[in-house]
Amino acid sequence: MDYQNTENFANHLDKIDPLRDFRNYFLIPQKNSQETIYFCGNSLGLQPKSAKTYIDKELEKWENLAVEGHFKGENPWLYYHKLLTKPSAKLVGAMPSEVVVMNNLTVNLHLMLVSFYQPTSKKFKILMEGGAFPSDQYAIESQVKFHGFSPEESIIEVHPRANEHTLRTEDILQKIEEHKDQLALILFGGINYYTGQFFDLEQITKKSHEIGAFAGFDLAHVAGNIPLQLHDWNVDFAVWCSYKYLNSGAGGTSGVFVHEKHGRNNELPRFAGWWGHDEKRRFLMEKGFVPMEGAEGWQLSNAQIIPMAIHRASLEIFEKAGFSNLRQKSLKITGFLEFLIQEFNNEQKRIQIEIITPKNSSERGCQLSLIVPKEGKKLFDFLTENGVIGDWREPDVIRIAPVPLYNSFMDIFKFYQLLQNYVKL
Ligand SMILES: *Cc1c(COP(=O)(O)O)cnc(C)c1O
């Protein structure tokens, strides 16, 4: 795509954007009575205007039916989570039976590790990306200890080569090969939160299976950002949250994928609760856990209706927009951001912004991670004062994520103008 660094061009891109009206489905935070330039959908997506209506419906059900709301009224609570299954399955390329929405992300990661990390004295290692999100590191570390192994010996990390910021797939595969006899599990973030690098889930999974290990992914930064084919890629399990690109509110509920081939395997160890028990017999209150088939068999507790109501509102917007349309716009809008940053670098010598996210668009979602030598934090603070909401991640990265549902090409252009203003200071 040929971009131009003019306001007219940005306006033109907005005018021909088939998804431009989707911005109106969201509440954009204001600062000094102006709409902010919100680039933080990778951390907390914006509120869909419809969220309130969906919550209200459930509050009214509670008001009017109280306990009978489980079985009566529109969308009884007993089955409420199922309303989220199909649209979630579509986002990650799964069959509906392979997906369930429940709990929160790290909780679900633990539940998956209970089933898919079964270390033996020979095969006890877990391979993950260096610099994984801390919650994932803590989860893994505690699971390893729980099984009586030492994290130092059991957790293998893959790091970028010297003077590189991101991982090469060949290095990941090589590392798997190197530890092949001892690896029990490969667990990666689908996208690394810091660099924005999207990993080759299919190849990692294939290699993991070759050496007899499970492959699982934390898709917190992928779900709603990049379309996936988890079923076809044979991924064993995956987890994600709903409050980042999926716009379902802070602490929102989480999604889980368990591949069909494991969904009926009652031999897998798992932690059980009544909501995972055979639905037809759940209220007979009998002894003896019999898991439901598929991902639903991993449920523990009765569903969190209010967060799920918000999630429903949000997923409906994804359905309306079409995920492949969103990905197309995402490639275009992030490409525009990358282009304008390069223009900025070429225009002046004082500040050179380094983009550490891969250049190849198939290795990234919408987020670009920027490093500005010496004055990164100062630039970040300037942007914040001037109405940009991005985020700063220690030690030195500014993350900017243009989200195709609600960001405009003009947002990107205004960001570029602010960079230019900063240099003039
Ligand atoms: C955001 C994020 C989390 C957060 O976990 P919660 O349990 O939702 O608080 C965990 N892991 C990754 C990779 C994340 O990006």
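The largest pocket here is lined by R23, K31, N32, Q34, E35, T36, I37, E385, N386, G387, D411 and K414. Keep in mind that this is a predicted model, where local features need pLDDT of at least 70, side-chain atom pairs count only at pLDDT 80 or more, and totals for chains, interfaces and linings use all residues. Residues are numbered from 1 along each chain as its sequence is written, and side-chain values use heavy atoms, with hydrogens and water left out.

**The pocket**

- A pocket, on a 1 Å grid over the protein atoms alone, is an open set of points with protein on both sides within 12 Å along at least five of seven lines, and its lining residues have an atom within 4 Å of a point.
- The volume of the largest pocket comes to about 190 Å³, a volume being the space filled by probe spheres set on grid points that are joined across faces, edges and corners.
- Its lining splits into six charged, five polar and one nonpolar residues; Asp, Glu, Lys and Arg count as charged, Ala, Val, Leu, Ile, Met, Phe, Trp, Tyr, Cys and Pro as nonpolar, and the others, Gly among them, as polar.
- At least two lining residues each come from β3 (34–35) and α13 (409–424); helices (H or I, at least four residues) and strands (E, at least two) are DSSP runs numbered from the N terminus.

**The cavity**

- A cavity is a set of grid points where a 1.4 Å probe fits but cannot get out, and searching the whole structure turns up one of 30 Å³ or more.
- The largest cavity holds about 60 Å³ of space.
- Its walls are G224, N225, Y245, F318, F323, L326, R327, V403, P404 and L405, which sort into seven nonpolar, two polar and one charged.
- Helix α11 (residues 323–347) gives the largest share of that lining, three residues.
- The largest cavity lies between domain 1 (7–47 + 323–423) and domain 2 (54–320), because both give residues to its lining; the domain bounds come from an automatic or database domain assignment.

**Nonpolar cores**

- A nonpolar core is a set of buried Ala, Val, Leu, Ile, Met, Phe, Trp, Tyr and Cys residues joined through side-chain atoms within 4.5 Å, with buried meaning under 20% relative accessible area (1.4 Å probe, protein chains only).
- The largest nonpolar core has 65 residues, and I176, F188, L201, L219, L228, L230 and L405 have the most contacts inside it.
- Helix α10 (residues 305–321) brings the largest share of this core, eight residues, and domain 1 and domain 2 each put in at least three.
- Setting aside neighbours within four places in sequence, L201 is in contact (heavy atoms within 4.5 Å) with G190, F217, L219, L228, L230 and W233.
- Another core, of 35 residues, lies apart from it and includes L383, V388, F409 and I412.

**Three buried residues**

For the contacts in this group, neighbours up to four places away in sequence are skipped.

- H81 sits in the loop between α2 (51–65) and α3 (85–92), counts as buried because its relative accessibility is 0%, and contacts V100, V101, W275, E296, Q299, A303 and M308.
- K207, in helix α8 (residues 201–210), counts as buried at 15% relative accessibility and touches L173, I176 and E177.
- A184 belongs to strand β9 (residues 183–189), is buried at 9% relative accessibility, and touches F116, Y117, K123, F124, K125, A213 and F214.
- The C-alpha atoms of A184 and I126 are 6.0 Å apart, with their places 58 residues apart in sequence.

Notes
Buried means under 20% relative accessible area, exposed over 50%, partly exposed in between (1.4 Å probe, protein chains only).
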